[in-house]
Amino acid sequence: MPERLDTRILPMLPLHTGVVLPHMVVTLALETSEARAAVRAARSTDDTLLLVPRTAAGAYAQVGTVAVIEEMGQGPGQVEAVVIRGLHRALIGSGVAGTGEAVWVQVEHRPDPEDGSERAQELAREYRATVENIVEARGAPQVAEFLRGIETPGALADMAGYSPDLSFERKVEVLETLDVEARLEKVLAWAKDSLAEVVLKDRIRTEVAEGMEKNQREYILRQQLDAIRKELGEGDEDDVAEEYRKRIEAANMPGAVRTQAERELGRLERTSPQNPEHGWIRTYLDWLVDVPWSVRTEDNLDIVEARRVLDEDHTGLGDVKDRIIEYLAVRKLRADRGRAEVTGGRGSGAILTLIGPPGVGKTSLGESVARALGRKFVRFSLGGIHDEAEIRGHRRTYVGALPGRIVRALKDAGTKNPVMMLDEIDKVGADWRGDPSSALLEVLDPAQNHTFRDHYLDVDLDLSEVLFIATGNVAETIPGPLLDRMEVIRLDGYTEDEKVAIAQDHLLERQLERHGLELEEVSIGEDALRAIVNDYTREAGVRNLEREIGKLLRKVATRIAGGEVETPVSIDAGAVREYLGRQRFFFEAAERTSVPGVATGLAVTGTGGDVLFVEATRLDDPGSREQPSGEPLTLTGQLGDVMKESAMIALSYVRSHAQELGIQPEALGGRFHVHVPAGAVPKDGPSAGVAMTTALASLLSGRAVKSTVGMTGEVTLQGRVLPIGGVKQKVLAAHRAGLKEVILPGRNEGDLDDVPEQVREEIAFHLATTVEDVLLHALQSPEDDLSEPTAA
Ligand SMILES: Nc1ncnc2c1ncn2[C@@H]1O[C@H](COP(=O)(O)OP(=O)(O)OP(=O)(O)O)[C@@H](O)[C@H]1O
Ligand SMILES: [Mg+2]
């Protein structure tokens, strides 16, 4: 057992199913030998230990709870059990070798600050109120009583650990959020979601219960209404039917629909107004006559004009606009030749799909297409929709049935040929129960969509004149059959120059107008725009850029209004700093890679390309003669299986090539930890292989990685470097992050053609076919500590 010099070394008890947060008191059954060992170790010192949740994927949380053993006893079935009280958070450092079976880890204690900030107090009040509402609705007042006894904001947030509404993952998130305000924000948002759900359930319950009463009330009201109408000489129920007859006439429906409408109208006339059925038939008829059966806008597809509109609304995006124009031209040609788009498949019949990170202009391009064609524009999001009925509607036999999104969107458009945008098509399937993609397939298939059937309307609907445009952040998660029907156009993000140009052409003007400022009153210089792009935003698109410009103008407008400055105001880079405060983004890579073991990788996430720092550390003392216990490699940072495999390959490679890499044989033993920090985004895919190998090679050889180098690529056991996807997005991210060199797989050379010229000039590319090539360019040579960029 290690000497107990201080409490910075504690025995660790991994938790597999629950999360114990500070201040919680729980009984734990000691079912595993590791748990028994940890408790024994704690008993032999001062009864404290560290509780660390372990996720299904086998990774440990980055933060644990320091806890004290209050009591030992016997649980059910003679299993040993302990009563434990959580004290406070602690960051987990590396493992410490020790005798005995317990795992000892270094910890850095992180209790919440004594008194919370004002904002924390305020968040705590709101959280308390929200939880009180939830428990009140659920009839558990003792919980509110219990919460009232907890005073500090941080501890209040931690009570979420008891909540049955929160998943294990969310509880881990609470644990890992050291900042009290951020923690409260999270639990507050979740509590609000639960509250909304509770309220909704409640409402449905009372509505069903009150249904009968309501019908009776409605009946009496209707009778009174009829009496009043008669008194006023207005008609009665006959007029209602007459009214519908007129609307049906005006709707100019296709024959079969009209027959159906008249049949329903007949039923309406035969149903007495006090029968609930009466109301349902009226709702149905309202929907049926409101569908734009034969209203359409005239297409004005003049290719030159369309191009002009697209250019007017969007700066740059030359290729994207070319492809949209081609698509429209082919569509027009087919329509002119009277060839209905019945063949489907790839090509002109396919659905235009814009794929790219947030804020690159997908939605606004869709709006421009509608404007160019003189069509109406409607959109809805597929993200977060849960079943097929959302698209197709519920059958009328279902209480509270309504048509699906398609019909609702058509009604909103008011024409049968709008541009209909389906946002977040890449989120289909991911969080969908049932199989809504088959309904979508039907909607998007030109061979089928002229007879689309909404379950509620239950008549054929012709969608063939709708111009569908889908959008998404990534193409990989779109179900195959859907993807097959799509003409994918990628928007990968903008360079600094492009962003500045977009700001000058569009964003600035729009924001000036929004803040009631005249064009002549405020000018923002190019250097100022560059400062905003580089120091205050880090994104592929321009949404935050626009937000920051708005923020700046708001401050300027306030000063103008207060008479503090004279117009015209001109803003330069210095003024940006003055108005927006300290710069938010720095050249992070230099600091991170200053010690051996950290490599800068490049990845593609839903929000575009990004740099990520792969960190390798050692868990045991390499000189230790003890048998290393446990896995040779621990991985953390929410990594997917493929990424874990890459890490294993990286370690095997480095071990088996130690000699060439100049690694001392003694350095090879022991256990390692590879961590990919930053962001709760789950990371997966093989393309971090190169960065992992480099991080491990750097750690073992003691040579730091050059701070100006970013890298991507898959690695095989033999040390070959295989090509990866998303080159353009990754290179743009490297450029944004201020890197000067990028290591890419040799077979990705062709993809460099897609990279904008300006970026190609500012970055040196190294094409690698083997790990050797990679390390040659990635590691600092032992002699020079200064990293000299090597030209490609
Ligand atoms: N090339 C461009 N020229 C002019 N404005 C642009 C350009 N690209 C983006 N914008 C503007 O940036 C803003 C954000 O764009 P938009 O909402 O279309 O993004 P998006 O790609 O649909 O993002 P998300 O994936 O989050 O839906 C809009 O106001 C848009 O007009
Ligand atoms: Mg959008």
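What follows is a walk through the predicted model, from the whole chain to one strand and then to the ligand.

Taken as a whole, the chain has 792 residues, and 47% of these count as buried. Its secondary structure comes to 26 helices and 24 strands. As for how the chain meets itself, take the contacts with a separation of 6 or more: residues 24 or more positions apart account for 74% of them. On the outside, the chain exposes about 38,500 Å², with 49% of that area supplied by carbon and sulfur atoms.

Strand β1 makes a handy place to zoom in. It covers residues 9-15, and six of its seven residues are buried, so the strand is largely enclosed by the rest of the structure. Buried here means under 20% relative accessible area. Two pairings of β1 can be described. One is with strand β6 (residues 103-110), where the two pair in the antiparallel sense over four bridges. Within this pairing, I9 stands opposite Q106 of β6. The other is with strand β3 (residues 48-53): here the strands run parallel, and four bridges again join them. L13 has L51 of β3 as its bridge partner. So much for the strand.

Now to ligand 1. Its surroundings consist of 19 residues, and the closest of them are G359, K362, T363, S364 and R543. Sorted by character, the shell holds six nonpolar, eight polar and five charged residues.

Several polar approaches to the ligand can be picked out. From the backbone, an N or O atom of V360 sits 3.2 Å from a nitrogen atom of ligand 1. The side chain of K362 brings a polar atom to 2.7 Å from an oxygen atom of the ligand. R543 does something along those lines too, with an N or O atom of its side chain 2.7 Å from an oxygen atom of ligand 1. As for cover, ligand 1 has 640 Å² of accessible area on its own, and the protein covers 85% of this. Which elements give two or more residues to the shell around the ligand? They are the helices α12 (362-373), α17 (496-514) and α19 (543-561). K362 and R543, both listed among the closest residues, thus come back in the numbering of these elements, with α12 spanning 362-373 and α19 spanning 543-561.

Conventions:
Residues numbered from 1 in each chain as written. Chains lettered and ligands numbered in written order. Predicted model: local features only at pLDDT ≥ 70, side-chain atom pairs only at ≥ 80, totals over all residues. Heavy atoms only, no water. Near = heavy atom within 4 Å. Polar contact = N/O pair within 3.5 Å; in protein donor to acceptor, adjacent residues only side chain to side chain. Areas by Shrake-Rupley, 256 points an atom, 1.4 Å probe, with all protein chains shown as cover. Nonpolar A, V, L, I, M, F, W, Y, C, P; charged D, E, K, R; others polar. Buried < 20%, exposed > 50% of the residue type's maximum accessible area, 1.4 Å probe, protein only. Contact = heavy atoms within 4.5 Å. Pairing = 2+ DSSP bridges.
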